[in-house]
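User: I'd like a close look at one part of this model. Here it is.

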Amino acid sequence: MFMSKTIRLLLCAVTGLLIAQGASAQSCEPSKVAQKYPSLAGKTIKIGVDPESPPYAFRDSKDFNKIIGADADMARAVFACAGVKTEFFTAGWSGLLPALGAEQIDVMWDLLYYTPERAKQTSFITYMQAGTGGLVAAGNPKKIDDISKLCGLTVTAGIGTVELTMAQAQAAKCKAENKPAVTIMPSADIASGARLVASHRADVIMYDLALVDGLAKQNPQLYTRGFMITSGMKIGVGVKKGNADVIAAVSDGLKIMQANQTQKKIFQQYDVDPSLEMPITLLTQ
Amino acid sequence: MNALRIQHRVVGALGMLAMLALHPAMAADLAGVQVLDGFKELADYVGSPFLLGGAWIAVKITLLAMSIGLVLGLGLALMRLSRFKALNSAAWGYIWFVRGTPQLLQLVFIFDALPLIGLRFDEITTAVIGFALNEAAFSAELFRAGILSVNRSQSTAAAALGMGPLLTLRRIILPQSMRAVIPGLANDTIGMLKLTSIASVIFVNELTFRSQQVVGQNFKFFTVFGAAAVIYLFLTSGISLVQVWLERLFDHERDRKIAFSWFGLRASTRDVKPVDAPVVVPVDVKEPDANDHAWIGTLLPAESRTPRHCDEPFVACRNVWKSYDKREILRGVDLSIAHGEVVVILGPSGSGKSTLLRLINHLEPLDWGTIKVDSQYVGYREIPGGGGTVRPLHNLARARAEARVGMVFQHFNLFSHLSALDNIVEAQRQVYAVPRAEAEALGRELLKSVGLAAHADFLPHRLSGGQQQRVAIARALAIKPKLMLFDEPTSALDPELVGEVLGVMRALADVGMTMIVVTHEIRFARDVADRVVFMDGGEVIEQGTPEQVIDNPTHERTRKFLNVVVN
């Protein structure tokens, strides 16, 4: 009885300690950057984004020199938390991953979907799940309410994106079922893809759900969302394999942002559904 | 008047743009107010520091890459024109590869692959390198075309004056080729300025990419891309104006004054008088009178009278052989010429007369035999223990300059971008380093002595054939030659102009210049020559006094030839 009390007390103490330790890991300590992430002390992290992708990364309409968006703001918050300075490097989306591999940038933080293929060279710290939206002309004249309805239509998606792969898979499916072929027009950026739909050159643009919804909301006379797919795809921050300190800084920071509701607030601010938030996971293959 | 015309053009262009913009706007059923607001917004974007910053990046990359690319391109062009096979092939391979692969891939390769071997460049440096390497390949072909467009006779004339290949390139060939090269270079510059947008894939945040980003944020692509187009148009207009200015500068057919001279690239502004105004050509002085010619005598350099080996002839050709490919041009020619002697070489075309002249001042290499002028080889040295065989020297231009052999060509070969006076001054200044004032003074004296004092500032194309040939003689005399070679100096002239040139030559002979003259002018030969040499089939058939060869030829072939020429 006495023994068990002692043990219980001890257990309490140990648990308390653990909780206290856990709590310390769950708060920002920008001054301790040298201890926590030695190789990042004094360094400026280069964040690669394509600032043509609202609501994730885009130019602030009030000051074009500033890049804002759900991803951009998260990146800033996470590295501020780690005590590291950041600088945004902007390029066409398709140039970002090769630059990460060549260490011309330290992280790619711009609507990057995890795939095992990409994980061969890049480590992913995933923080949200993806939905894909099919944006069609206002009123959905061709009644495209599912990806299976694409046979015989013209589809556009961004070069190198997962959505393009999905469109290609659907095209193969149509062919296998002996239905009319899908015409695929890869677009260089979202805006040009959206213009294809507005000018009826393409019937649907497939892109990230939040982006599609944003476009439909801002331009109801032009667009509407035809369909959505919850693909179960994960969106994460890309870091070159082996860059342990950056991976740790991003991972720790994201956990804190989720714990203290920062991620939720930022998502709400940019009309991204907060329910898409996912526990932080490091995926390396 | 001109300003008014330009104004009209600008207004016209703006109107055109407005029409182009208006059409889709009207098609989209927009009200007038909306269109007006659109234009206001467009104007705001044109002034946006964000977009202008992007334009500056594009300009910066273009300026740097163009400068580096042109230097490399000129080098590549020279390699392409080199007679060394290895250089030529290397340049050809480079151009083949760079022109043949997509520039986008080259940029990604430099930016993303070279770091793997430790070469890490930032985005602007990468873009400058990538665009410069590309421009080198493209401009190399432009430069090569420009250089090839300049008549070979120009470099032959320069070589005869003792100018080396690089000096000739810098002073004679490049200035004349610029006119052909500049339009292509302007195309390249404009193309590059616009093409910098492909570097967005390697993080270059320039105008097109920036406007795409703005469109990505607000989807107003009409106004934003319209603004980008206006900025591009403004920049490319600047390039076009520079092109116009450069083309005028290097237009050597205009009468103008030297405005700019940098590292041998001379350019000039138009003369005050308009081109279409009648040019006042001073009445040609009559046949230069005897006094003028006597002055030529003072020109004869003291050196040509230096004590020489009295036992040796002044010009000695020994067993000279020369062939082009398999065709034998000279077959063992022996010819000796004494100091102060005037020798006229007669013979049918293809007999090797002109080739012999070009071997004497080493414009062409010998195949076999030796030629000495004033007891010296011109650009050869004897191989020790080679039994009198010779080998060409490395610095041929210098050897030619030291030999001081003047040459006059059938087609004059005046430097067409230089005035009469500058033609005469050029070699003195560049080869013999004579001070400008002294060189010009001599040039004016020479022009006066050939009766062209009033034509000093005329470009060759403003002169008649006879006048051009007299300038050419003056140019050859300016280097104070010990020996003058005349290669059919009157064959390209109208009959009435032949006299004025022969007059000058006669005067030269009178004052004791050693001369070898290839000509068909039998009268000149009879009157002036000390000796006439008849050549046929690459051999000397007979020689002797004019009376012997012309009036009493011993050889059948001579007789046949004279019959044809005299009648």
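User: Which residues in the largest nonpolar core touch the most other members?

Analyst: A quick note before the core: this is a predicted model, where local features need pLDDT of at least 70, side-chain atom pairs count only at pLDDT 80 or more, and totals for chains, interfaces and linings use all residues. Residues are numbered from 1 along each chain as its sequence is written, while chains are lettered from A and ligands numbered from 1 in the order in which they are written.

Now the core. A nonpolar core here is a set of buried Ala, Val, Leu, Ile, Met, Phe, Trp, Tyr and Cys residues joined through C-beta atoms within 7 Å; buried means 20 or more other C-beta atoms within 10 Å of a residue's own, with C-beta atoms placed from the backbone. The largest one has 232 residues, and A:Val107, A:Leu135, A:Val204, A:Val250 and B:Ile202 touch the most other members. In soluble globular proteins, nonpolar side chains tend to be buried together.

Let's zoom in on A:Val204. Leaving out residues up to four places away in sequence, A:Val204 touches A:Gly134, A:Leu135, A:Val136, A:Ile144, A:Leu150, A:Leu153, A:Val155, A:Val197 and A:Gly226, where contact means C-beta atoms, placed from the backbone, within 7 Å.

As for how the chains meet, 27 residues of chain A and 21 residues of chain B make up the contact. On the chain B side, α5 (103-113) and α9 (207-218) are the elements giving two or more residues, helices being DSSP runs of H or I, at least four residues, numbered from the N terminus. The largest share, seven residues, comes from α9(B).

Terms used: Two residues are in contact if their C-beta atoms, placed from the backbone, lie within 7 Å. A residue is buried if 20 or more other C-beta atoms lie within 10 Å of its own, exposed if 12 or fewer, and partly exposed in between; C-beta atoms are placed from the backbone.
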